[in-house]
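Trainee: I would like to go through the labels used for this model and hear the reasoning behind each one. Shall we start with a residue in a loop?

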Amino acid sequence: MSSHNGSELHVLCSSGQLFLQPLWDRLRTWEALIQSPFFPVFFSITTYVGFCLPFVVLDVLCPWVPALRRYKIHPDFSPSAWQLLPCLGQTLYQHVVFVFPMTLLHWAASPALLPPEAPELLQLVRHVVLCLLLFDTEFFVWHVLHHKVPWLYRTFHKMHHQNPSPFALATQYMSIGELFSLGFFDMMNVLLLQCHPLTVLTFHVVNIWLSVEDHSGYDFPWSTHKLVPFGWYGGVEHHDLHHSQFTCNFAPYFTHWDKILGTLRSARTK
């Protein structure tokens, strides 16, 4: 009986791996690019800007398309070019002067070949969820400290709060110190879990999307917090309330830590 169950589990794992293998084989044809120190910078910027652009277009259209206002948290606010351009410039500047040098050092210290086998699908999903939960916990602690200790707030976190009404391109409008902290959490988590490179890429895509969505200022019927049951995920209104009130909703994504420590506030009661 146990042998039969083991065989079924092996078939399930094999099918999960075969499901991702064609994608991984295609990505490995670009191994020279993926392994270069330029790829993380290119991947991060293109993914981030690609996720931000639809919301930038919506912000431009919103004054002319009244139907969009029903989904906008602050219907009378649209970021101006003088707000958008510094945010984009800060992102590009940080990637050139900080992300690329760090990537170059990592590449020089530990070059490694990509594994020929793709990860199992269930393993990829499990690791992505674990990375998100770990990141949520780490950033919650970091975030609370930087709001409770005035020196930390002024030195590292104040820059991110210069836009009281968040918009997509303001997601990465932050100091070098804050960017370093977030990057350190990301790197530590994928190393701790020994994630497959495809899992790492998937996690970064999901993490960037959730961050941009939380700052977008739009609450759509298909927004993530409406797809995750039982109020486990905060969402865009949840994070917008943090930017306006400063004393609540410190976790970036999930709600359990704010519930446990009494810092959770519902957007419905604001």
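Mentor: Yes. Phe230 counts as exposed at 64% relative accessibility. The model is a predicted one.

Trainee: What makes Phe230 exposed rather than partly exposed?

Mentor: The cut-off for exposed is over 50% relative accessible area. Phe230 has 64%, so it is called exposed. Phe230 sits in the loop between α9 (224–227) and α10 (236–245).

Trainee: What is noted about the phi of Phe230?

Mentor: Phe230 has a positive phi of about 65°, although it is not a glycine. Most residues other than glycine have a negative phi. Gln194 also has a positive phi, near 55°, and is likewise a residue other than glycine.

Trainee: Where is Gln194, and why is it called exposed?

Mentor: Gln194 lies in the loop between α7 and α8 (197–215). Its relative accessibility is 69%, and exposed means over 50%, so the label applies.

Trainee: Why is Glu117 called partly exposed?

Mentor: Partly exposed covers what lies between under 20% and over 50%. Glu117 has 45% relative accessibility, so it falls in that class. Its place is in the loop between α4 and α5.

Trainee: Which residues does Glu117 touch, not counting those up to four places away in sequence?

Mentor: Glu117 touches Gln17, Gln21, Trp24 and His196. Contact here means heavy atoms within 4.5 Å. Glu117 and His242, by comparison, are 125 residues apart in sequence and 43 Å apart in space, C-alpha to C-alpha.

Trainee: What is the class of Ala112, and where is Ala112 placed?

Mentor: Ala112 is in the loop between α4 and α5 (121–148). At 47% relative accessibility, Ala112 is partly exposed, because the exposed class needs over 50%. The C-alpha atoms of Ala112 and Thr255 are separated by 37 Å, with their positions 143 residues apart along the chain.

Trainee: Now the other end of the scale. How do you know that Gln94 is buried?

Mentor: Buried means under 20% relative accessible area. Gln94 has 1%, so it counts as buried. Gln94 belongs to helix α4 (residues 81–109). Leaving aside neighbours within four places in sequence, Gln94 is in contact with Val99, Gln172, Met174, Ser175, Ile176 and Leu179.

Trainee: Ser165 is in a loop between α6 (150–157) and α7 (176–192). Why is Ser165 buried or exposed, by the cut-off?

Mentor: The relative accessible area of Ser165 is 18%. That value is under 20%, so Ser165 is classed as buried. Beyond neighbours within four places in sequence, Ser165 is in contact with His74 and Phe77.

Trainee: How many disulfides does the structure hold?

Mentor: The structure holds 0 disulfides.

Trainee: How do you know that Cys195 is not bonded to Cys131?

Mentor: A disulfide needs cysteine sulfur atoms within 2.5 Å. The sulfur of Cys195 is 3.9 Å from that of Cys131, the closest cysteine sulfur, so the pair is too far apart for a bond. Cys195 is buried, with a relative accessible area of 13%.

Trainee: What is the corresponding distance for Cys52?

Mentor: The closest cysteine sulfur to that of Cys52 is in Cys87, 9.2 Å away, which is too far for a bond. Cys52 is buried too, with a relative accessible area of 1%.

Trainee: What is the secondary structure of the whole chain?

Mentor: The protein chain has 11 helices and 0 strands. From the N terminus on, the elements run α-α-α-α-α-α-α-α-α-α-α.

Trainee: What makes the chain as compact as a globular protein of that length?

Mentor: The radius of gyration is 20 Å, and the globule rule gives 18 Å for 270 residues; the two values are close, so the chain is called as compact as a globular protein of that length. Along its principal axes the C-alpha trace spans about 60 × 45 × 40 Å.

Trainee: What share of the residues is buried, and what share of the contacts is long in sequence?

Mentor: Buried residues make up 45% of the 270 residues. Of the contacts with a separation of 6 or more, 70% join residues 24 or more positions apart.

Trainee: What supplies the exposed area?

Mentor: The protein chain exposes about 14,700 Å², and carbon and sulfur atoms supply 71% of it.

Terms used: Residues are numbered from 1 along each chain as its sequence is written. This is a predicted model: local features need pLDDT of at least 70, side-chain atom pairs count only at pLDDT 80 or more; totals for chains, interfaces and linings use all residues. Side-chain values use heavy atoms; hydrogens and water are left out. Buried means under 20% relative accessible area, exposed over 50%, partly exposed in between (1.4 Å probe, protein chains only). Helices (H or I, at least four residues) and strands (E, at least two) are DSSP runs, numbered from the N terminus. The radius of gyration is taken over C-alpha atoms; the globule rule is 2.2 Å times the number of residues to the power 0.38. Accessible areas come from the Shrake-Rupley method with a 1.4 Å probe; for residues, only the protein chains shown count as cover.
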